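The following paragraphs go through one structure, moving from its sheet and ligand shell to individual helices and residues. Please keep the sequence and the 3D view open while reading.

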Amino acid sequence: MKTRITELLGIRHPIVQGGMHYVGFAELAAAVSNSGGLGTITALTQKTAADLSNEIAKCRALTDRPFAVNLTFLPSLREPDYPGYIQAIVSAGVQVVETAGNNPARWLPMLKAHGITVIHKCTSVRHALKAQSLGVDALSIDGFECAGHPGEDDIPNMILLPRAADELSVPFVASGGMADGRSLVAALAMGADGINMGTRFVATREAPVHPRVKQAIVDATELDTRLIMRALRNTERVLTNPAVERLIEKERRLGANISFSDIAPEVAGVYPRVMLDGEVDSGAWSCGLVAGLIHDIPTVQELIDRIMSEAEQIVTGRLLPFLDRPAAA
Ligand SMILES: Cc1cc2nc3c(=O)[nH]c(=O)nc-3n(C[C@H](O)[C@H](O)[C@H](O)COP(=O)(O)O)c2cc1C
């Protein structure tokens, strides 16, 4: 399939793997890129810029195809070493960066000065327009369905994608709720140039996370995610579990008076325990509504091949016959 995104990124299929904390390691990124999509290493999971350099080198050894690095800008007590991470990206010759979490203005010039293709992920048309005006090459439009941070506007992709298509001139991928060939065709129909997936890629054989995490996603339905941290204006969509329900109870009790320290036991330092040790109930971790569409743990290659053949079957087998009207008398 050829779209503006496959052309821009030099990939075979219009399928991108979004950055994922403690999931986006070299193994997964390389598997996605080797299967014809764009894999992504998550910078902030690497403790230092030197660790990121090593992870990029590891990915290079596993694939000769393009892959990306995700740079996430979220509120934090101590700002991560963004200049160091960017230096590691530039020195390693990484061609694509996914920015997310906040306005990329501060870091964009450094990336663009080195010819890096920047895909900015955001959750509203106004933020997308802002990023476009700053000079990003593409956008990842993340609907309310998404795992992680859906923003505060709560606009699902059925509305957000056509709105984005009406306003944007740069190519964009549809993110949030994407799982299969139906998602891909629907996204293309609404004006996107491809799809970005997070949760679906966690439940694959190559995702370097504990098997209990993958099984929790397979077991979950579309009713099993919760929105947390709304009062802090840092909303996150996560999989429910006893820790998350405890956190929500605190949010109910404390209302607008809540502060980060009140919920730190359920959110701080949770990712390594969940993803590496398989303690899936130990705190809050991102998961999308799309869990309701995930029923298996295929290899990345099987998943991507299945999406592409299903998409072709939908276009030629389901949609084209709808146009098959009898000739006018
Ligand atoms: C476990 C997990 C961790 C994530 N961590 C990050 C992150 O660190 N930075 C980021 O930009 N997005 C992160 N995301 C969001 C994904 O990149 C992607 O935008 C989102 O999953 C799309 O929604 P979907 O899960 O419905 O496909 C994460 C998603 C998951 C499932």
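Helices and strands are here DSSP runs, numbered from the N terminus, a helix having at least four residues and a strand at least two. The model is predicted. With that naming, helix H9 gives the most to the shell around the ligand, with 3 residues. The shell consists of 31 residues, and the closest to the ligand are Gly18, Ala100, Gly198, Thr199 and Gly288. Two or more residues each come from strand E3, strand E8 (195-197) and helix H9 (199-202). By residue class, the shell around the ligand holds 11 nonpolar, 16 polar and 4 charged residues.

E3 and E8 also belong to an open sheet of 8 strands. The order across this sheet is E1-E8-E7-E6-E5-E4-E3-E2, and the pairing is parallel. Strand E1 (15-17) and strand E2 (39-42) each have a single partner strand, so they stand at the edges with one side lacking a neighbour in the sheet. Direction ignored, neighbouring strands of the sheet are turned against each other by 30 degrees on average.

The edge strand E2 can be followed residue by residue. Its pairing with E3 (residues 67-72) is parallel and rests on 4 bridges. Within this pairing, Ile41 has Val69 of E3 as its bridge partner, and Thr42 stands opposite Asn70 in E3. In a regular strand the side chains alternate between the two faces of the sheet. For E2, one side carries Gly39 and Ile41 and the other carries Thr40 and Thr42. These residues are all buried, so both faces of E2 are covered, a residue counting as buried if 20 or more other C-beta atoms lie within 10 Å of its own. Thus E2 has one side without a neighbour in the sheet, while both of its faces are covered.

Helix H2 (residues 26-34) is mostly covered as well, with 7 of its 9 residues buried. The buried residues are Ala26, Leu28, Ala29, Ala30, Ala31, Val32 and Ser33. What covers them includes the edge strands E1 and E2, strand E3, helix H3 (49-62), H9 and helix H14 (300-322). Just after H2 comes Gly36, which has a positive phi of about 100 degrees.

A pair of helices comes next. Helix H11 (residues 242-254) packs against helix H12 (residues 260-267) at an angle of about 170 degrees, and their axes are 9 Å apart. H11 is therefore roughly antiparallel to H12, since angles over 145 degrees count as such. From H11, the residues Ala243, Val244, Arg246, Leu247, Lys250 and Leu254 take part in the contact, and they meet Asp262, Ile263 and Glu266 of H12. The residues of this contact divide into 5 nonpolar and 4 charged, with no polar ones.

Arg252 also lies in H11. Is Arg252 buried or exposed? Arg252 counts as exposed because it has 9 C-beta neighbours inside 10 Å, and the limit for that class is 12 or fewer. Arg252 and Ala231 are 21 residues apart along the chain, and their C-alpha atoms are separated by 10.0 Å.

Three loop residues remain. Gly177 lies between strand E7 (172-175) and helix H8 (181-189). Gly177 is buried, because 27 other C-beta atoms lie within 10 Å. Neighbours within four places in sequence left aside, its contacts are Gly143, Glu145, Cys146, Asn157, Ser183, Gly288, Leu289 and Val290. One of these, Gly288, is also among the closest residues to the ligand. From Gly177 to Ile195 the C-alpha distance is 9.6 Å, at a sequence separation of 18 residues.

Asp154 is placed in the loop between strand E6 (138-142) and helix H7 (157-167). Although Asp154 is not a glycine, it has a positive phi of about 60 degrees. Asp154 is exposed, because 11 other C-beta atoms lie within 10 Å.

Met229, in the loop between strand E9 (225-228) and strand E10 (236-239), likewise is a residue other than glycine with a positive phi, near 60 degrees. Met229 has 18 other C-beta atoms within 10 Å and is therefore partly exposed.

Key:
Residues are numbered from 1 along each chain as its sequence is written. This is a predicted model: local features need pLDDT of at least 70, side-chain atom pairs count only at pLDDT 80 or more; totals for chains, interfaces and linings use all residues. Two strands pair if DSSP finds at least two bridges between them. Axes are lines fitted to C-alpha atoms, for helices over the stretch in contact, and angles run from 0 to 180 degrees between N-to-C directions. A residue is near a molecule or strand if its C-beta atom, placed from the backbone, lies within 6 Å of it. Ala, Val, Leu, Ile, Met, Phe, Trp, Tyr, Cys and Pro count as nonpolar, Asp, Glu, Lys and Arg as charged, and the others, Gly among them, as polar. Angles under 35 degrees count as roughly parallel, over 145 as roughly antiparallel, 65 to 115 as roughly perpendicular and the rest as oblique. Two residues are in contact if their C-beta atoms, placed from the backbone, lie within 7 Å.
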